[in-house]
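Visitor: I should like to go through this model with you. Could we begin with its surface?

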Amino acid sequence: PRRTGELAGALKSYREGLVIKDRLAKSDPGNALWQRDQWVSDERIGDVQVKQGDLSGALTSFRAGMVIMERLAKSDPTNANWQSDLATAYGRVGEVQMEQNDLAGALTSFRTCLAILDPLTKSHPGNTDWLARLSAINERIGDIQTEQGDKAGALKSYQTEQQVINALVKIDP
């Protein structure tokens, strides 16, 4: 339903799926995949809420998922995929905060995302997906810094973004 534009139907389906995933996760709290499935459902619900213009609801959904990913990432700090998912969760929260004009909150979320993504890209320098996300987060931070009048900080963020783009071009010209 989501792809056909039937947002209300998609939201209903995702919420029904989340109920099932919540029940599964509670029945086996040690099952990390079921925990992650909850996060995916929260992300999808938040996506639909953003498309519907329900930014407050989306923020609630994204934060609920972020709590799950924080727990998983903390349980195994060496799991790069969970760290990546956690960075995604912070980035999604930051995007909604920007839409709500909560620049200070968005900056905090994006900086947390950056603090997770930066070491990931250094330990996996050929991962173009992570590098592209790192570039985008630096751009978002620069945009907020520009809006807040921190031109020196914005310049540094944009320069870092350009360095990441240059690294991407080297990997895949």
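Guide: The protein exposes about 9400 Å², and carbon and sulfur atoms supply 53% of that area. Please bear in mind that this is a predicted model.

Visitor: What share of the residues is buried?

Guide: Of the 173 residues in the protein, 43% are buried.

Visitor: And the charges: how many positive and negative side chains are there?

Guide: There are 21 positive and 23 negative side chains. The centres of the two sets lie 2 Å apart.

Visitor: Let us turn to the fold. How many helices and strands does it have?

Guide: The secondary structure consists of seven helices and zero strands. Along the sequence the pattern therefore reads α-α-α-α-α-α-α.

Visitor: What are the overall dimensions?

Guide: The C-alpha trace spans about 50 × 35 × 30 Å along its principal axes. The radius of gyration is 17 Å, which agrees with the value near 16 Å for a compact globule with 173 residues.

Visitor: How much of the contact network joins residues at least 24 apart?

Guide: The figure is 54%, taken among contacts between residues at least 6 apart in sequence.

Visitor: Now the interior. How many residues are in the largest nonpolar core?

Guide: That core has 36 residues, and Leu-86 and Leu-117 are those with the most contacts inside it. Helix 2 (32-52), helix 3 (55-75), helix 4 (80-99), helix 5 (103-123), helix 6 (128-147) and helix 7 (151-171) each supply at least two of its residues.

Visitor: Which helix gives the most?

Guide: Helix 3 does, with nine residues.

Visitor: Is there anything beyond that core?

Guide: A second, separate core has seven residues, including Ala-10, Leu-18, Ile-45 and Val-48.

Visitor: Back to Leu-117, then. What is Leu-117 in contact with?

Guide: Leaving aside neighbours within four places in sequence, Leu-117 is in contact with Ala-87, Trp-130, Arg-133, Leu-134 and Ile-137.

Visitor: Phe-110 next. Is Phe-110 buried or exposed?

Guide: Phe-110, which lies in helix 5, has a relative accessible area of 0% and is therefore buried.

Visitor: What does Phe-110 touch?

Guide: Not counting residues up to four places away in sequence, Phe-110 touches Gly-91, Gly-94, Glu-95, Met-98, Ile-137, Arg-140, Ile-141 and Ile-144. Ile-137 is also listed among the contacts of Leu-117.

Visitor: And where is Leu-11 with respect to Phe-110?

Guide: The two C-alpha atoms are separated by 26 Å, with the two positions 99 residues apart along the chain as a sequence separation.

Visitor: Let us look at some acidic residues. Why does Asp-42 count as buried?

Guide: Asp-42 has 8% relative accessibility, and buried means under 20%, so it counts as buried. Asp-42 lies in helix 2.

Visitor: Which residues does Asp-42 touch?

Guide: With residues up to four places away in sequence not counted, Asp-42 touches Leu-18, Ser-61, Phe-62, Ala-64, Gly-65 and Ile-68. Leu-18 is one of the residues of the second core. From Asp-42 to Met-66 the C-alpha distance is 8.9 Å, and they are 24 residues apart in sequence.

Visitor: How does Asp-129 count?

Guide: Asp-129 counts as partly exposed, because its relative accessibility is 45%. Asp-129 is in helix 6, and its C-alpha is 14 Å from that of Glu-161, a residue 32 apart from Asp-129 in sequence.

Visitor: A change of topic: the loops. Where is Asn-101?

Guide: Asn-101 is in the loop between helix 4 and helix 5. With a relative accessible area of 58%, Asn-101 is exposed.

Visitor: What is its phi?

Guide: Asn-101 has a positive phi of about 65°, although it is not a glycine. Most residues other than glycine have a negative phi.

Visitor: And Gly-53, buried or exposed?

Guide: Gly-53 is exposed, since its relative accessible area is 55%. Gly-53 is in the loop between helix 2 and helix 3. The C-alpha atoms of Gly-53 and Arg-71 are separated by 29 Å, and these residues are 18 apart along the chain.

Conventions: Residues are numbered from 1 along each chain as its sequence is written. This is a predicted model: local features need pLDDT of at least 70, side-chain atom pairs count only at pLDDT 80 or more; totals for chains, interfaces and linings use all residues. Side-chain values use heavy atoms; hydrogens and water are left out. Helices (H or I, at least four residues) and strands (E, at least two) are DSSP runs, numbered from the N terminus. The radius of gyration is taken over C-alpha atoms; the globule rule is 2.2 Å times the number of residues to the power 0.38. Buried means under 20% relative accessible area, exposed over 50%, partly exposed in between (1.4 Å probe, protein chains only). Contact means heavy atoms within 4.5 Å. Accessible areas come from the Shrake-Rupley method with a 1.4 Å probe; for residues, only the protein chains shown count as cover. Lys and Arg count as positive and Asp and Glu as negative; His and the chain ends are not counted. The place of a charge is taken as NZ of Lys, CZ of Arg, CG of Asp or CD of Glu. A nonpolar core is a set of buried Ala, Val, Leu, Ile, Met, Phe, Trp, Tyr and Cys residues joined through side-chain atoms within 4.5 Å.
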